[in-house]
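This report describes the fold of one protein chain, beginning with its overall form and ending with individual residues. Please keep the sequence and the structure in view while reading.

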Amino acid sequence: MSDFTGRCLCGAVTFTGRWGGDPLRACHCSQCRRWSGHVWAAAQAADLTIGGQVKWFRSSAEAERGFCPDCGSSLFWRRQGHGGIEVAPGAVDNPTGLRMAGHIYVADKGDYYDIADGLPQDPQG
């Protein structure tokens, strides 16, 4: 898997790591849409090192979302008690080495767009 570097919009949070092997999938649930402003996508990271201050928001009983407290960039997602962190590829420097593998929680997607890329769509996740 590819090594990567990335940062938030203002550069106060930086990170490096390796992709953990899980597929990159777009999440269309209402929480992810509110969090990102549209659709959230993330991939599991391994050996993730984060520089700078990250603010973590507990968005549900199961998960937390990490963002830059200075510019507000949505950067990370982690499941409580899991130990791994998923990274938003939009904050990763090119080339990311990733390809979108599918969509999750499409039963909850916004009514203002269609998913027409031909990738697998899971209604629940």
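## Overall form

With 125 residues, a compact globule would be expected to have a radius of gyration near 14 Å, and the protein chain agrees with this because its own value is 14 Å. The model discussed here is a predicted one. Taken along the principal axes, the C-alpha atoms of the protein chain fill a box of roughly 35 × 30 × 30 Å.

The protein chain contains one helix and ten strands. Their order along the sequence is β-β-β-α-β-β-β-β-β-β-β. Contacts can also be sorted by separation in sequence: among those in the protein chain between residues at least 6 apart, 54% join residues at least 24 apart.

## Surface and charge

The accessible surface of the protein chain amounts to about 7000 Å², and carbon and sulfur atoms account for 47% of this surface. Of the 125 residues in the protein chain, 40% are buried. The chain carries 12 positive and 13 negative charges, and the mean positions of these two sets lie 4 Å apart.

## The nonpolar cores

In soluble globular proteins, nonpolar side chains tend to be buried together. In this model, the largest nonpolar core has 18 residues, and those with the most contacts inside it are F4, V13, F15, W19, L75, F76 and V87. Strands β2 (14-19), β4 (40-51) and β7 (74-79) each supply at least two residues of this core. The most is given by β4, with three residues. There is also a second, separate core of eleven residues, including C27, C32, W40 and F67.

One of the residues with the most contacts inside the largest core is F76, which is placed in strand β7. F76 counts as buried because its relative accessibility is 0%. Between F76 and R99, which are 23 residues apart along the chain, the C-alpha atoms are separated by 18 Å.

## Accessibility of selected residues

Four residues from strands and loops may be set side by side.

| Residue | Place | Relative accessibility | Class |
|---|---|---|---|
| F76 | strand β7 | 0% | buried |
| G84 | loop between β7 and β8 | 13% | buried |
| Y105 | loop between β9 and β10 | 35% | partly exposed |
| D47 | strand β4 | 55% | exposed |

The class of G84 follows from a cut-off: buried means under 20% relative accessible area, so G84, at 13%, counts as buried. D47 counts as exposed because its relative accessibility is 55%, and exposed means over 50%.

## Backbone details

Which residue has a positive phi of about 50° although it is not a glycine? The residue is D47, and its place is in strand β4. Y105 also has a positive phi, near 55°, and is likewise a residue other than glycine. Y105 is found in the loop between β9 and β10 (121-122).

A cis peptide bond joins N94 and P95, with omega about 0°. P95 lies in the loop between β8 (86-87) and β9 (100-104).

## Contacts of a loop glycine

G84 belongs to the loop between β7 and β8. Although G84 and A46 are 38 residues apart in sequence, their C-alpha atoms are 7.5 Å apart in space. When neighbours within four places in sequence are left aside, G84 is in contact with Q44, W77, R78 and R79.

Conventions. Residues numbered from 1 in each chain as written. Predicted model: local features only at pLDDT ≥ 70, side-chain atom pairs only at ≥ 80, totals over all residues. Heavy atoms only, no water. Helix = DSSP H or I, 4+ residues; strand = E, 2+ residues; numbered from the N terminus. Rg over C-alpha atoms; globule rule 2.2 N^0.38 Å. Buried < 20%, exposed > 50% of the residue type's maximum accessible area, 1.4 Å probe, protein only. Contact = heavy atoms within 4.5 Å. Areas by Shrake-Rupley, 256 points an atom, 1.4 Å probe, with all protein chains shown as cover. Lys, Arg positive; Asp, Glu negative; His and termini not counted. Charge placed at Lys NZ, Arg CZ, Asp CG, Glu CD. Core = buried A, V, L, I, M, F, W, Y, C linked by side-chain atoms within 4.5 Å.
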